[in-house]
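Trainee: Could we go through this structure together, one topic after another?

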Amino acid sequence: MRDGPPTRAEVCAAAIADCFAHDGEILANPIGTLPVIGGRLAKATVAPELVMTDGEALLVENIIPIGVDNPEKVVAGWNPYRTMFDVVWSGRRHVMMSGSQLDKFGNQNFAFIGSYDAPRTQLLGMRGAPGNTINDKTSYWIPAHTTRTFVPVVDVVSGVGYDRARELPAHGGRFHDIHRVVTNLCVADFETPDHRMRLRSVHPGVTVDDVVAATGFELAIDGAIPTSRLPTDDELMWIRERIDPNGLGEEEVPNP
Amino acid sequence: MVPDKRVTIDEIAAEVRDGMTVGIGGWGSRRKPMALVRALCRTAAKDLRIVSYGGPDVGLLCRAGKVREIVYAFVSLDSIALEPHFRNARQSGAVTTMELDEGMFLLGLQAAAWRVPFLPTRVGLGSDVMRFNRSLRTVTSPYADAEELVAMPALNLDVALIHMHRGDQGGTGQYLNVDPYFDDLMCMAAARRFMSVERIVETEQFLADGPPQSIRINRLMVDGVVETPHGAHFTECVPDYARDEAFQRAYTASAKSDDAWNDFRARYIDVTEGEYQQAVAP
């Protein structure tokens with residue numbers, strides 16, 4: 001087992017776990033390495049009621065390790081892609097996605113950079129972001145917080161932000177809920193009067209100025225910003241021994 | 001007596017003519033009808049409109065110059081996130097696109113399968129799907145809520161191509177992995193439907209291999225079936241075989257230059273299916 005004080009990746013995992021901690025009995029659907037670690041950490045500790053997948057088409061009740069071939073699974077459901085859309089559209093889900101660009105109202109892009117007809121850089125495509133954000137609680141994970149990612153205006157709106165949702169007629173945005181943004185530097189939320197992104201906490205060793213310098217728009221900053229909490233000993237045990245024995249989270253966010 | 005709908009891969013490829021809309025089953029780099037896609041690359045067909053939860057099927061057809069328009073929500077090789085030939089085609093402006101949300105795509109196929117012009121959904125509202133696809137319209141609920149929803153149009157297909165683990169000569173098909181993807185909807189959305197299978201078996205064999213619900217494709221959905229062992233290679237076709245990651249890396253490298261592609265094409269595309277399987281055998 002790894003020992004020593006909590007790493008930056010482990011702080012991120014705890015911050016991600018906190019995103020799912022009060023969701024109740026919904027499908028917690030983190031996508032990406034540290035999101036999966038943090039989501040499983042929440043289920044293992046404070047939120048056993050969360051329903052989670054094995055990363056593919058099965059629902060599993062036990063806490064399975066990431067990056068390990070053929071882990072033992074306590075299977076409690078079949079959730080192929082078509083069933084996942086049923087879950088998404090019924091609203092019983094909290095997804096954590098990544099993004100190549102994010103703006104101050106939480107508009108997200110992972111489709112492409114440049115023009116639609118001949119993009120400068122073609123990325124993944126819209127994937128499920130439009131449907132996720134208009135139907136379900138959504139959080140974002142940004143492993144490298146830079147001004148290239150946190151931009152004044154996204155090139156493409158894949159995931160819908162608060163300004164777009166607000167403009168929809170006839171309460172079209174009533175299920176829209178961007179919860180939090182967790183990055184390698186900080187945690188942000190949208191708990192401001194007009195739902196602009198707000199700095200919630202900075203990770204240990206990071207200053208508010210570091211975050212401001214890495215963000216391409218003005219973050220709401222009210223008062224003194226707290227430091228992100230450290231994972232508990234119990235959480236460190238879960239991360240190091242049970243959820244991420246190979247340290248994949250440490251590869252995604254190296255310790256500074 | 002089960003009808004005999006067995007055909008060859010070249011007979012299937014010949015069904016695809018210039019300008020047709022072709023739906024391709026599977027998801028990303030998983031259980032793609034690659035033997036049929038390679039055969040299609042060898043035909044003279046052009047200006048195709050490809051509808052796919054996209055993987056290397058989309059990339060290969062783009063690079064082979066077959067594609068006019070792609071209808072997709074993503075194109076990915078899974079273990080390699082970005083599909084290199086698709087990216088080159090997009091970034092050079094060589095293809096037009098209808099870029100959708102994954103769920104809108106499902107509803108388009110479902111609408112076609114049910115023969116209705118559209119299905120209503122909240123998905124797409126507020127996003128740039130609506131800005132980029134100027135033909136998309138919204139519809140207002142006729143009930144008291146008067147909610148405005150996206151009217152996702154039917155994705156009617158001329159031809160559907162899918163790959164299943166087992167099939168019989170009548171065109172019944174069975175999947176043995178955990179996710180059926182949307183292969184049945186692809187068939188139901190299409191005028192002409194063709195299925196390749198790892199193995200053609202006697203009908204009696206299906207329930208020895210899996211439960212009744214694994215027989216996802218019934219023969220109402222299929223016009224022709226062909227046995228193509230290892231026919232989804234290099235995409236994943238578990239439990240029969242895993243994705244060939246080494247080959248997928250070689251495929252990705254073929255996007256680096258015209259020379260690299262010409263070499264790849266000569267070795268793996270402009271050959272018979274038998275020669276291909278010999279070339280990639282471990």
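**Core, interface and sheet**

Mentor: In the largest nonpolar core, which has 141 residues, Leu61(B) and Ala189(B) touch the most other members; such a core is a set of buried Ala, Val, Leu, Ile, Met, Phe, Trp, Tyr and Cys residues joined through C-beta atoms within 7 Å, where buried means that 20 or more other C-beta atoms, placed from the backbone, lie within 10 Å of the residue's own. This is a predicted model, in which local features need pLDDT of at least 70 and side-chain atom pairs count only at pLDDT 80 or more, while totals for chains, interfaces and linings use all residues. Residues are numbered from 1 along each chain as its sequence is written, and chains are lettered from A and ligands numbered from 1 in the order in which they are written.

Trainee: Which helix gives the largest share of this core?

Mentor: Helices here are DSSP runs of H or I with at least four residues, numbered from the N terminus. The largest share, 10 residues, comes from chain A, namely from helix 1 (residues 8-20).

Trainee: How many residues of chain B are in contact with chain A?

Mentor: Contact requires C-beta atoms, placed from the backbone, within 7 Å. On the chain A side 36 residues take part, and on the chain B side the number is 36.

Trainee: Why is one side of strand 5 and of strand 6 of chain B left without a neighbour in the sheet?

Mentor: Three strands of chain B form an open antiparallel sheet in the order 5-7-6, pairing being defined by at least two DSSP bridges. Strand 5 (118-121) and strand 6 (137-140) of chain B are left with one side free because each stands at an edge, with a single partner strand.

Technical notes: A residue is buried if 20 or more other C-beta atoms lie within 10 Å of its own, exposed if 12 or fewer, and partly exposed in between; C-beta atoms are placed from the backbone. Helices (H or I, at least four residues) and strands (E, at least two) are DSSP runs, numbered from the N terminus. Two residues are in contact if their C-beta atoms, placed from the backbone, lie within 7 Å.
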